[in-house]
Amino acid sequence: MLVTVTLPTSIGRALEHAGIIALGGVAQALLILLFPIRRWGAHRDALADALAAVADYARRLRHDPTAPFDPEPLMTARDAAAVTPSQARTRPSVLHGPRGLAERIRPVVAALADPGVGAPPEGPGRDRARELLDAAAEVLDAAARSIRRGTPTEVSPGSTDALCVDEEHEVLEGPARQAAERLVELLGEALEIARCGTPGRTPAPPVPEDAQVLVRPTMFRLVPVVVRAVRRELRRDSPVFRHAVRLAAVATLGYLIAARLPVGHGYWVPITSVMVMRPDFHQTYARAVARLAGTLAGVALATGMGRALGPDAQVFGLLAVVSAGLSFMLNRTGYAYSQCFTAAYVVFLLGMGGQAWEQTVPERVVLTLLGGALAMLAYVVFPAWETPRLPGRLADWLAAEGRYAAAVLRSYAEPTREHHADLRRALLANREARAAWQEAYDRARQEPVRPRGLTSREAEEAQEAIKGFDRAAMLMESHLPRADSRPVPEAERLAEALEADTAQAAVDVREHRNPDWARVEEALHAWEGAAGGGSPVVRRGAEMQKRALEALATAVSRTPLERDVGSALEEQRVRAAAATEGDGSGSAHRGG
């Protein structure tokens, strides 16, 4: 801002400005030395948040056995766990294993609380399950605090006593007891994490042998990754490409318009547009309103203080520093609050340069309004609505869920390391597809356009159905057999049926057709007639998945009347297009 206010007119002045900027960098480095940033702080916070999220999930399961779980903290922890090779050599060992521990505990607590495959709905078994879930929540919270602070944390004796499984007097039976024993085993590792704190005090918990370090590419190795990402988005229907086009066009147009206006700070127009515009309409609209409101409040505040204190450059400099500090302090509170003090900072800074308030304030308001208006106009001319894309996002999520459920079943059919690795990859891909759907769904609910393809009610019901399908797969994942367990061959046939039917259903959802689950029903019918039947958990999970798929079909299916109306409209559109083409060719013949 100093360089912008007083542009250098000679080499000497330019070097002076460069020296001031360099001095600011040195001052920032000295401040970091005096007040050091917490080393590995972001990694510790992300991992602690993941453990705390699972702890909160365990508490909610005490009262709601089918409570949902948002995997976003686990995804954030995985992103934070990616380090460069040099960071991997110096990373504390306590930051390596707990993320996988949280991943393993989540399905186990869900299986223990679920009335279908875990503890009974009422009675001593349910009380014991609540006791274990409460102890799990306390232990996981203690582990999260230990990782976040780097110090040991004690757990209450009542929670540790609850984790003791009495072989003779244990009230849980069958799959519920297996889940309880597995949970106690995993919470033992969490207790070690809570008690060790920093690795220098006591040995850190052991890292699994099959654990792999997530390597973050270096700067030069990121080049091909960036090139592939750019190629992937270079298409007209890409939201990223459309936003880039809007941003470039609005910034250029704003600069050209401002250059023709009789103002001295025309660059505020493109700056406002760039700062306001976001890929979705709702955020752009909200930020435009917040920036205008904050600018009005900021310039009014600065003008009043300037008139009251008089034209003093030193006072303006002090007020500019205070305004900049408040702007950064309130950055996460709200965009309007931050923008208020940013506008005041700019006005004070321009006042240091000797510019009059009568010129600075109206220009700031008018140019901010113009930049926000251009940003909103860009969405009218070149929109990128998420509402028409909802069927595609839902189809992608459904296909990913089918692959994840099939990978879980194949781990029952043949429990090998390769199938477990496939399961992990399918789970990560499923989370990415779910996050993409959730983001598109949240944006579509706030867009001022009519639903096309999926109504709001259909989208909500389909979302709940797929979440139920995902929960059934997660419950089966909590009881995966060990490598030496007896395989379940019927699970392979069901896996193939699930993967095939969900893939076809994804196509049907995109093309607005009714999905069909004939292969799944046939595989389940054959399983019922097979001898043995395999694990009761996987059988119950398969039945839950079938009910979820039926609920999904009900949510997205169209009635005969809707199909007839849709077919008539489509036929009318085709006829109109053919008639237009025929008129054009006829006119061409007559003109020839």
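A residue counts as buried under 20% relative accessible area, as exposed over 50%, and as partly exposed in between, using a 1.4 Å probe and protein chains only. The model on screen is predicted, so local features are drawn from residues with pLDDT of at least 70 and side-chain atom pairs from pLDDT 80 or more, while totals for chains, interfaces and linings use all residues. Residue numbers run from 1 along each chain as its sequence is written, and side-chain values use heavy atoms, with hydrogens and water left out.

**Whole chain**

Start with the full cartoon. The protein has 23 helices and zero strands; helices (H or I, at least four residues) and strands (E, at least two) are DSSP runs, numbered from the N terminus. Of the 592 residues, 43% are buried. A contact means heavy atoms within 4.5 Å. Among contacts with a separation of 6 or more, 78% join residues 24 or more positions apart. Switch to a surface: about 31,400 Å² is exposed, and carbon and sulfur atoms supply 59% of that area. Accessible areas come from the Shrake-Rupley method with a 1.4 Å probe, and for residues only the protein chains shown count as cover.

**Annotated segments**

Next select residues 20-37, 288-306, 336-353 and 365-385, which an unreviewed UniProt entry lists under "transmembrane region". UniProt positions follow the numbering used here, feature names are shortened, and annotations may be inferred rather than shown by experiment. Residues 20-37 are 83% helix and 0% strand, with 24 Å between the end C-alpha atoms. For residues 288-306 the figures are 100% helix and 0% strand, and the end C-alpha atoms are 26 Å apart.

**The nonpolar patch**

Move to Leu222, Val225, Val226, Val230, Leu234, Phe241 and Val245, which form a nonpolar surface patch with about 530 Å² of accessible area together. Helix H10 (222-233) and helix H11 (239-259) are the elements that give two or more residues to this patch. H10 gives the most, with four residues. Patches are made of residues with over 30% relative accessible area and no salt bridge; like charges are joined within 9 Å, and nonpolar side chains (Val, Leu, Ile, Met, Phe, Trp, Tyr) within 5 Å. Now pick Leu234 alone, in the loop between H10 and H11. Why is Leu234 classed as exposed? Its relative accessibility is 58%.

**Salt bridges within helices**

A salt bridge is a side-chain nitrogen of Lys or Arg within 4 Å of a carboxyl oxygen of Asp or Glu. By this rule the model has 28 salt bridges. Side chains of opposite charge can pair when their charged atoms come close.

Begin in helix H2 (residues 11-34), where Arg13 and Glu16 are three residues apart and therefore separated by about one helical turn. Their side chains meet in a salt bridge, 3.1 Å from N to O. Arg13 is partly exposed at 37% relative accessibility, and Glu16 is partly exposed at 39%.

Go on to helix H18 (residues 417-444), which holds Glu439 and Arg443 four residues apart, about one turn of the helix. The closest N and O atoms of their salt bridge are 2.7 Å apart. Here Arg443 is buried, with 17% relative accessibility, whereas Glu439 is partly exposed at 43%.

In helix H19, Arg457 and Glu461 are four residues apart, so about one helical turn separates them. Their salt bridge has its closest N and O atoms 3.1 Å apart. Glu461 is partly exposed, with a relative accessible area of 36%, and Arg457 is exposed at 63%. For a network rather than a pair, select Arg38, Asp45, Asp49 and Arg148, which are joined by salt bridges that share partners.

**Arg471**

Return to H19 (residues 456-477) and select Arg471. Is this residue's place buried or exposed? Arg471 is buried, with a relative accessible area of 10%. Leaving aside neighbours within four places in sequence, Arg471 is in contact with Tyr57, Pro65, Thr66, Ala67, Ala110 and Asp114. A polar atom of the Arg471 side chain lies 2.8 Å from the backbone oxygen of Pro65.

**His512**

Finish in the loop between helix H20 (489-510) and helix H21 (518-528), where His512 is found. Although His512 is not a glycine, its phi is positive, at about 60°. His512 is partly exposed, with 36% relative accessible area.

Technical notes: Polar contact = N/O pair within 3.5 Å; in protein donor to acceptor, adjacent residues only side chain to side chain.
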